[in-house]
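Dear colleague,

Please find below the structure that I am handing over to you. My notes on it follow directly after the display.

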Amino acid sequence: MLNVGRLWRVMATGFCFVMFGVGGLGIAGAAVPLLILIPGRHRRQYLTRELVHHSFRLHVALMRLTGAIGCVIHGREKLARGGLLILANHPSLIDVVMLMSLVHRPDCIVKAALWRNPFTWGPVSLTGFISNASGPELVEAGLASVRSGNNLIIFPEGTRTVPSHRSTFQRGAANIACRGDLAITPVIITCTETFLTKGQPWYKVPPRKPIFELTVLDDLPPSSQITGSDEPARHSRRLTEYLENYFYGEVEQHG
Amino acid sequence: MEKQEIHDWIAKTLHETFEIDPARITAQARLYEDLDIDSIDAVDLMVQLKQHTGKRLQPETFKTVRTVQDVVDAVYALYQA
């Protein structure tokens, strides 16, 4: 039987994808005027980050308005701060869009391939987002970003979660947390349907409208209080293990 | 330093710094895949090597090593240079 709602959502999702690309190219197009008009790399990065934040707010509104997705947010007020280290699980392609729509001055560790994609090149290079290919410098860059007041978003799994599969965390996020003795702001992302997961094309929309739920939990205490301070190599391993268990438990509970 | 000595030092450091089970640290063990050493750990390891031997392994060299034996050979080469 023809499912009209589903057909509509295929079109709505396609439309949102196109608009995302247009937005990305638009920000790239702003590169030249920005470089000419705004002196100073930091000021340009600050402005582009705010631009990305507001563009993503618009994009989330568009996705909700067209009915492509539903989105429920719990604890939004906890993200209305600066200098946060935000860790989240990563079930879908649009997690970062939803998270960046909620925080000012977003920063993120993103995959290197986005610098080679014409639709994402503009935003990632002008904002100064941190490339996951930068290796050990990523820790210094991440810590400096949080200390300067940006809200750094990291998906410690390093890639989108394979549904119903317990994944291991990369240690970069824990390294940043323990070297700066930072508190972590955890966000749990769940969705009522399987949608935009790894390896699933955008037009495979589920029979029912997918409702995303983002739950911002209370900050975890500074990492030295969780695992005890130690040499960074051992400390970050313990913290990574702790975080894996913590997120696994919370996702189970919210999923 | 002899190769065996270098191997022993590396094995000890891997165990003490990264809490890797000594049984897993064989000459053929691959650092990234088998021993779960990441690029941040690799920098730690190079710093410790510098402190211990006063020799400095170039990051480019470290990028090419795969196994524990490769590290031993690279450090041994530093002593020969």
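Asp36(B) counts as partly exposed, because its relative accessibility is 43% and the class of partly exposed residues lies between 20% and 50%. Please bear in mind that this is a predicted model. Asp36(B) is located in the loop that runs between helix 1 and helix 2 of chain B. The backbone at Asp36(B) has a positive phi, about 60°, although the residue is not a glycine.

A positive phi is also found in chain A. Leu196(A), likewise not a glycine, has a phi of about 55°. Leu196(A) sits in the loop between strand 6 (184-191) and strand 7 (211-216) of chain A. Is Leu196(A) buried or exposed? Its relative accessible area is 3%, so Leu196(A) is buried, the cut-off for that class being under 20%.

A further residue of chain A that I would bring to your attention is Thr240(A), which belongs to helix 9 (residues 232-254). Thr240(A) counts as buried because its relative accessibility is 5%. A polar atom of the Thr240(A) side chain lies 2.6 Å from the backbone oxygen of Ser236(A). Which residues does Thr240(A) touch, if those up to four places away in sequence are not counted? They are Phe169(A), Gln170(A), Arg171(A) and Ala174(A).

The remaining finding concerns internal space. The structure holds one cavity of 30 Å³ or more. The volume of the largest cavity is about 50 Å³. Its lining is formed by Trp9(B), Ile10(B), Leu45(B), Met46(B), Leu49(B), Phe62(B), Val71(B) and Val75(B). Two or more lining residues come from each of helix 1 (3-18), helix 2 (39-53) and helix 4 (68-80) of chain B. Which element gives the most to this lining? That is helix 2 of chain B, with three residues. As to chemical class, the lining of the largest cavity has eight nonpolar residues, with no polar and no charged residues.

In summary, the points to look at in the display are the two positive phi values, at Asp36(B) and at Leu196(A), the buried Thr240(A) with the backbone oxygen of Ser236(A) 2.6 Å from a polar atom of its side chain, and the largest cavity, of about 50 Å³, with its lining of eight nonpolar residues.

With kind regards

Key: Residues are numbered from 1 along each chain as its sequence is written. Chains are lettered from A and ligands numbered from 1 in the order in which they are written. This is a predicted model: local features need pLDDT of at least 70, side-chain atom pairs count only at pLDDT 80 or more; totals for chains, interfaces and linings use all residues. Side-chain values use heavy atoms; hydrogens and water are left out. On a 1 Å grid over the protein atoms alone, a cavity is a set of points where a 1.4 Å probe fits but cannot get out, and a pocket is an open set with protein on both sides within 12 Å along at least five of seven lines; lining residues have an atom within 4 Å of a point. Grid points are joined across faces, edges and corners, and a volume is the space filled by probe spheres set on the points. Helices (H or I, at least four residues) and strands (E, at least two) are DSSP runs, numbered from the N terminus. Ala, Val, Leu, Ile, Met, Phe, Trp, Tyr, Cys and Pro count as nonpolar, Asp, Glu, Lys and Arg as charged, and the others, Gly among them, as polar. Buried means under 20% relative accessible area, exposed over 50%, partly exposed in between (1.4 Å probe, protein chains only). A polar contact is a pair of N or O atoms within 3.5 Å; within protein, one must be able to donate a hydrogen and the other to accept it, and residues adjacent in sequence count only if both atoms are side-chain atoms. Contact means heavy atoms within 4.5 Å.
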